[in-house]
Amino acid sequence: MKRISLIMLAGVSALAIAPAAVQAQAAAPQGAAAAGEDANAETAGIDQAEIIVTGTSRSRVALDTPLAVSQVSTQALARAGVSSQADILNTIPTIKADGGGGEVASNIFVKGLPSGGQYQFTPLMYDGIAVLSSFGLNSSAYDVYARNDLGISRLEFVRGGVSNLFGPGSVAGLINYISKTGGDRLEGTVQLEVAQRDRYRGDVALSGPLGNNVYFSLAAFYRTDKGPIRTNLDTKGGQVRGNLEYRFSDGSGNVKVLGQYIDDQVQFYLPIPLSGPTRERLAGNDGAIVNSVQNQFNTAGLGFRTPTGTFNSDINEGVRTKGGMIGLTFDKDFGDSGWALNGKFKFSDYKHKFGLWADGDGVINVPETLQSFLTNRNLGAPANAQFTFVGGGAVPSNFLLFANRFTDRVRPARDFTAELNLTKKLQTGAVDHALTFGGFYGRASAGDYNVTTTYLAEFNNRPRLVNLVVTNPATGAQTIVSNNGLLNAGAGYVNNWHKAERYAGYFADQMKIGDRFNLDIGGRIETINGDISRERTSTTITDSTTANLSSALRDVIWGNGGFLTGKVSTTEWALAVGALYKLTDRVSLYANGSRGFFFPELRSVAFKTLPTGTAANASLSPGTQSYTAEIIKQAEAGIKVSQPQFSMTAALIYTRLDNRRQVLFVNDGAGGFIERVNLVGTESYGVEATLDLKLMKNLRFNGNLTIQSAKYIAFDTTPAFIGNNVERQPEVLYNAGLYYDDGTLDASFFTNYTGDNFTASNNTIRLKGWNVANFDAGYRMPLGASSVRVSVNVFNVFNSAAVTEGSPRQDNNQAANGAFFVGRPVLPRRVMGRIAYSF
């Protein structure tokens with residue numbers, strides 16, 4: 001809380017500052033069509049009503065809606081989202097997003113809830129359809145399956161109230177990107193983008209009529225990128241996405257077909273060793289600052305034999321996704337009867353691989369001298385060891401080594417979702433009702449096939465692999481410790497498959513009572529059925545003839561073909577209520593509360609212990625342990641103001657989560673990984689505020705502020721942690737920016753601040769807060785009815801070098817005061833230029 005006074009001195013009002021959007025439209029138009037949005041507006045406007053169409057059968061202005069909503073316009077998306085979705089989501093109140101790992105796999109935290117990230121409490125949606133209907137089938141984040149493009153009209157985020165009961169449901173909030181749709185004339189944008197360190201991207205977006213009430217919208221991109229951090233691993237690929245819409249001639253609705261195809265691979269940046277005392281980047285053996293310890297390895301050299309054939313790593317492909325989705329939506333209003341029907345259907349199929357770079361070997365985890373490497377592994381004195389680079393040459397005695405790991409994760413995913421809503425508008429006395437009766441079905445399945453490899457390399461920006469042979473001085477026998485850089489081929493192995501089937505029914509009544517009072521009530525009941533399949537593991541000798549190899553190199557943990565299988569099922573309910581009273585035509589008081597649930601991730605489900613004496617490869621499955629929902633209770637109360645010169649909101653927020661199965665992907669102490677599950681409870685409370693202020697004709701100030709406190713109130717594995725702060729949850733978050741636009745020249749300078757937070761639940765290591773400032777400016781030249789905009793964007797203007805996280809794999813075992821600290825720094829400054837032709 002010590003940061004608050006500094007914020008005020010920086011010019012932030014007591015009611016706070018806002019991002020590129022204030023209380024605008026909410027997400028996922030369920031029960032109403034999202035029509036008429038202005039794709040060119042920064043927000044829906046500070047002197048006009050913003051229409052809310054999300055999760056509602058009654059379109060209402062934000063001032064009349066008893067819930068918190070945010071919108072990010074297409075221009076704001078382009079300014080903020082130059083590195084990843086995390087940079088966009090960081091502009092939204094109550095959300096903390098970490099994007100230091102690259103374009104995808106952003107870690108998203110909301111309302112102080114305990115999470116490893118990966119959108120665990122906030123489903124990612126496009127056009128009201130969830131990217132994946134069930135989270136936790138593996139640990140891949142939703143954003144690996146889809147990318148943003150010029151076809152996005154706006155981002156909407158809704159939290160609290162009955163809207164969160166609809167569709168896939170999440171009372172913590174829904175993130176929804178709304179696509180552009182075709183209009184009565186052909187229009188489009190072609191954009192070329194160039195950035196430092198060899199980034200090139202081309203985008204095209206087209207939309208318009210096809211005749212006979214049929215309209216289309218299409219967006220595509222392709223880009224190559226060496227990355228803001230050079231890893232020798234390329235980002236390359238693209239996506240095509242669009243929709244085809246038929247609009248009923250009487251204006252009563254539409255039918256729309258949606259589609260997406262993606263073939264894309266992106267880099268993923270691992271946490272790196274930093275200076276222990278200062279947490280700054282270190283110089284490597286060659287004297288250059290180390291930004292990454294990844295390299296494009298000869299994966300054939302790191303391959304190894306297994307009982308079923310030779311395994312070769314695909315780690316050089318990074319995060320690779322190939323596949324797509326097809327969907328259908330419809331909306332039909334039955335006129336004076338007051339009845340309407342709308343629905344959504346989607347099928348998706350993705351082939352997905354995630355090359356995860358870890359943050360150490362799972363044993364020592366920091367750089368070591370040649371002597372310390374030998375000592376830490378009981379391998380004797382340097383005089384008996386021969387360190388050589390793969391490709392030739394002795395390793396100098398003063399060099400540092402860094403033993404590390406990567407995991408090849410093959411994760412195919414398939415998903416089918418369906419949603420149907422029947423709505424009715426009616427009046428009873430002085431009360432106008434907008435009723436919704438809906439149902440949701442989701443069936444998702446995903447694989448989780450992981451192979452972890454440990455290797456030995458020098459500590460450098462582009463590390464060379466290292467061979468190590470140790471000679472026994474007494475017998476002369478040699479032990480190959482590292483061969484072609486390979487230390488341990490089978491450090492970890494997982495072969496899981498999870499399926500989830502969800503059935504939900506929900507209702508809502510959104511009432512308008514007279515001219516001043518609005519009341520929303522709603523409920524949801526849902527059942528989940530889960531299927532779990534996990535291959536048992538066994539120790540297998542890959543080559544019994546190589547007796548001189550170390551046991552670490554000969555023994556590979558590999559599946560034995562036997563699977564543990566199990567089924568889980570549970571049913572839960574949610575209830576939400578919201579009320580709003582208009583003090584005047586421009587000022588409203590509102591409050592909402594909810595009791596909801598999350599279904600535990602299927603990957604967190606444990607099996608019971610096999611009976612004593614049961615063979616390791618037996619087909620018997622002992623059954624799963626308990627599976628019960630996680631209960632979340634929320635409350636919010638605040639004020640909304642909409643004036644010609646400014647708009648603002650301020651609210652108190654409270655969240656309590658019980659029975660949370662917290663899944664952490666951590667070291668097992670022997671070089672592999674385990675998914676450790678803690679049963680925890682948390683409680684958080686705070687203040688959220690936004691402000692959008694018109695300073696002069698073409699200049700605006702925008703911002704938001706979140707102040708929160710999140711504590712553990714239950715922790716089954718370590719009760720001593722009760723009362724500790726929830727890790728990776730800062731007490732203060734804010735955004736602030738100045739935005740100028742006169743139609744020809746536009747310029748923006750905005751910053752995002754993330755406050756101090758702890759790396760792990762033991763609260764031993766505190767990371768200092770940091771600011772990331774960004775600048776964007778453009779000049780628009782008219783060409784008849786068309787225009788050309790030339791612009792420059794600078795991400796991380798001041799090149800902040802803060803650390804966004806510690807070592808997630810070490811978790812509570814990470815040392816606070818050593819010579820080295822493993823963490824993931826903020827991505828460095830990057831300058832980007834764009835030229836866009838719009839017609």
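Hi everyone. Before we count anything, one definition: helices and strands here are DSSP runs, with at least four residues for a helix and at least two for a strand, and they are numbered from the N terminus. With that in hand, the protein chain has 5 helices and 43 strands. Please keep in mind that this is a predicted model.

Let's start with the chain as a whole. Of the 839 residues in the protein chain, 60% are buried. If we look at contacts with a separation of 6 or more, 71% of them come from residues 24 or more positions apart. The chain exposes about 30500 Å², and carbon and sulfur atoms supply 57% of that.

Now I'd like to take you to strand 24. How many of its 28 residues are buried? The count is 22, so to speak of strand 24 as mostly covered is fair, given that buried means under 20% relative accessible area. Strand 24 has several partners, and I'll go through three pairings.

Strand 22, residues 400–410, runs antiparallel to strand 24, and 10 bridges join the two. Here Asn 404 stands opposite Tyr 455 of strand 24.

Strand 23, residues 413–428, also pairs with strand 24 in the antiparallel sense, this time over 16 bridges. Lys 424 has Leu 435 in strand 24 as its bridge partner. Strands 23 and 24 form a hairpin with 2 residues between the strands, and in that hairpin Gly 429 takes a positive phi near 65°.

Then comes strand 27, which pairs with strand 24 over 24 bridges, again antiparallel. Look for Tyr 441, which stands opposite Tyr 503 in strand 27. As a general reminder, strands of a sheet pair through backbone hydrogen bonds, either parallel or antiparallel.

Let's turn to the aromatic rings. The model has 29 aromatic pairs. One of them is Tyr 449 with Tyr 493: the ring centres are 5.8 Å apart and the planes stand at 90°, so this pair is edge-to-face. Where do these two sit? Tyr 449 is in strand 24, residues 431–458, and Tyr 493 is in strand 27, residues 486–513, so the pair ties together parts that are 44 residues apart in sequence. As for cover, Tyr 449 is partly exposed at a relative accessible area of 25%, whereas Tyr 493 is buried at 9%.

Compare that with Tyr 734 and Tyr 753. Their ring centres are 5.2 Å apart and their planes are at 20°, so this pair is stacked. Tyr 734 belongs to strand 35, residues 732–741, and Tyr 753 to strand 36, residues 745–754, which puts them 19 residues apart. Both tyrosines, Tyr 734 and Tyr 753, are buried.

Rings can also link up in groups. Phe 297, Trp 357, Phe 406 and Tyr 455 form a cluster through ring pairs. You've met Tyr 455 already, as the residue opposite Asn 404.

Some rings have a charge over them, too. The charged end of Arg 201 sits over the ring of Phe 221, 4.0 Å from its centre. Likewise, the charged end of Arg 247 sits over the ring of Tyr 215, at 3.9 Å from the ring centre.

Next, a sheet of 3 strands. It is open, its order is 15-42-41, and its pairing is antiparallel. Which strands stand at the edges? They are strand 15 (272–275) and strand 41 (803–805); each has a single partner strand, so one side of each is left without a neighbour in the sheet. On average, neighbouring strands of this sheet are turned by 75° against each other, direction ignored. Strand 15 is joined to strand 42, residues 820–825, by 4 bridges, and Ser 275 has Phe 820 in strand 42 as its bridge partner.

Finally, two residues with a backbone worth a look. In general, most residues other than glycine have a negative phi. Gln 118 has a positive phi of about 60° although it is not a glycine, and Asn 212 likewise has a positive phi of about 60°. Gln 118 is in the loop between strand 5 (107–110) and strand 6 (124–126), while Asn 212 is in the loop between strand 11 (199–211) and strand 12 (214–225). Are they buried or exposed? Gln 118 is buried, with a relative accessible area of 15%, whereas Asn 212 counts as exposed at 72%.

That's my tour. Thanks for listening!

Key. Residues are numbered from 1 along each chain as its sequence is written. This is a predicted model: local features need pLDDT of at least 70, side-chain atom pairs count only at pLDDT 80 or more; totals for chains, interfaces and linings use all residues. Side-chain values use heavy atoms; hydrogens and water are left out. Rings of Phe, Tyr and Trp (its six-membered ring) pair if their centres lie within 6.5 Å; planes under 30 degrees apart count as stacked, over 60 as edge-to-face and the rest as tilted. Buried means under 20% relative accessible area, exposed over 50%, partly exposed in between (1.4 Å probe, protein chains only). A charge sits over a ring if NZ of Lys or CZ of Arg is within 6 Å of the ring centre and within 35 degrees of the ring normal. Two strands pair if DSSP finds at least two bridges between them. Axes are lines fitted to C-alpha atoms, for helices over the stretch in contact, and angles run from 0 to 180 degrees between N-to-C directions. Contact means heavy atoms within 4.5 Å. Accessible areas come from the Shrake-Rupley method with a 1.4 Å probe; for residues, only the protein chains shown count as cover.
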